[in-house]
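Trainee: I should be grateful for a close look at a single part of this structure, namely the pocket and the helix beside it. Please relate that part to the rest of the fold where you can.

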Amino acid sequence: MTRFPEVGRLVAEAWPAPSTQDMGGWLLRHAAGVTKRANSVLPLGDPGDVGRAVDQAERFYAAVGLPTVFSIDAQAKPAELDGFLEGRGYELVDPTLALVADVAGRYERDGVEIAPAPSKEWLGIWWSVDGRFDHALPTAEKILTGVPAAYASLDGVAVGRAVPQGKWLGIYAMAVAPEARRRGLGRRVLRALLDWGREQGCERAYLVVVERNAPARAMYESEGFAHVSGYHYRVKNVTGG
């Protein structure tokens, strides 16, 4: 399988923060606290003096009332950043795996509906599983619809989102209502999204899953996804989110 590109950059493109500030190659993302992905520093370039850069990032997030969070993967710059943050008291949070599979063959859509925009029902199902604050749903919707994507739904209880990124297909926002789990609905949504991605010309699919989510990992691996890389967060003054 072709080497997986920078997971951080792909995720940032597929899950775009409404506000991003470039600080010498570090992207300071801000989305009113909705998900760590969209409210963290993505250190793609070397900003120079790391201590000074971290100070500046901390001032930025303090000004918007959020904890300072860094997304750290193998491409994070400078290379010593993770250790520097650890020494500064940043806690390692949410180790996350990046899984990749070839998009090959055809899948039956099997009753899964796919639309170019999320319906209110779609949003309701997803937010009932992944949401934390009711007032934040408009911001979450802005993130979801910030790039072209497909929105799959099944039986009013299972949803998923797919983002075509050239030859890559990003799988996001997979959610099944608690009362409908262990019926294979998430698997059917995943297969429908992969089929849609193949139709768009995508050759490989990726997704990210929190390491501790063993049931989701088992399902994805049974569908041919393999762990190839990942990332974690470094968080100052952890307050959740």
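Mentor: The account below begins with the pocket, turns to the helix, and then considers other parts of the chain. The model is a predicted one.

The largest pocket has a volume of about 1400 Å³. Its lining is made up of 43 residues, and those nearest the centre of the pocket are V129, D130, M174, N213 and A216. By class, the lining residues comprise 25 nonpolar, 8 polar and 10 charged. Several elements each supply at least two residues of this lining: the strands β5 (91–102), β9 (168–176), β10 (204–210) and β11 (226–235), together with the helices α4 (120–130), α6 (185–199) and α7 (214–222). The greatest contribution is that of β9, with 6 residues.

Helix α7 deserves particular attention, since A216 is among the residues nearest the centre of the pocket. The buried residues of α7 are A216, M219 and Y220. These residues lie on the same side of the helix, because they cover an arc of only 95° around its axis. The partners against which the buried residues of α7 pack are β5, β9, α6 and β10, and each of these four elements also supplies at least two residues of the pocket lining. At the start of α7, the backbone nitrogen of A216 has a side-chain oxygen of N213 within 3.3 Å. N213, like A216, is one of the residues nearest the centre of the pocket. Just after α7, G224 adopts a positive phi of about 95°.

A second helix may be described in similar terms. Helix α5 spans residues 137–144, and A140, I143 and L144 are buried within it. The buried residues of α5 line one face of the helix, since they fall within an arc of 100° when seen down its axis. P138 and K142, on the other side of α5, are exposed. The buried residues of α5 pack against α4, β7 (150–154), β8 (158–165) and β9. Of these partners, α4 and β9 also belong to the elements that each supply at least two residues of the pocket lining.

Strand β11 leads from the pocket to another part of the fold. V235 is located in this strand, and V235 counts as buried because its relative accessibility is 3%. Although V235 and F70 are 165 residues apart in sequence, their C-alpha atoms are 6.5 Å apart in space. Leaving aside residues up to four places away in sequence, V235 touches K36, T68, V69, Y90, E91 and V93.

Two of these contacts, T68 and Y90, are shared with E58, which also touches R88 and K236 when residues up to four places away in sequence are not counted. E58 is found in helix α2 (residues 50–63) and is buried, with a relative accessible area of 13%. The side chain of E58 makes a polar contact of 3.2 Å with the side chain of K236.

Strand β11 also has a part in an enclosed space. The structure holds 1 cavity of 30 Å³ or more, and the largest cavity contains about 40 Å³ of space. The cavity is lined by G8, V11, R29, R37, L42, S71, Y231 and Y233. The elements that give two or more residues to this lining are α1 (7–14) and β11. The lining residues of the cavity divide into 4 nonpolar, 2 polar and 2 charged.

Terms used
Residues are numbered from 1 along each chain as its sequence is written. This is a predicted model: local features need pLDDT of at least 70, side-chain atom pairs count only at pLDDT 80 or more; totals for chains, interfaces and linings use all residues. Side-chain values use heavy atoms; hydrogens and water are left out. On a 1 Å grid over the protein atoms alone, a cavity is a set of points where a 1.4 Å probe fits but cannot get out, and a pocket is an open set with protein on both sides within 12 Å along at least five of seven lines; lining residues have an atom within 4 Å of a point. Grid points are joined across faces, edges and corners, and a volume is the space filled by probe spheres set on the points. Ala, Val, Leu, Ile, Met, Phe, Trp, Tyr, Cys and Pro count as nonpolar, Asp, Glu, Lys and Arg as charged, and the others, Gly among them, as polar. Buried means under 20% relative accessible area, exposed over 50%, partly exposed in between (1.4 Å probe, protein chains only). The arc is that of the directions from the helix axis to the C-beta atoms. Contact means heavy atoms within 4.5 Å. A polar contact is a pair of N or O atoms within 3.5 Å; within protein, one must be able to donate a hydrogen and the other to accept it, and residues adjacent in sequence count only if both atoms are side-chain atoms.
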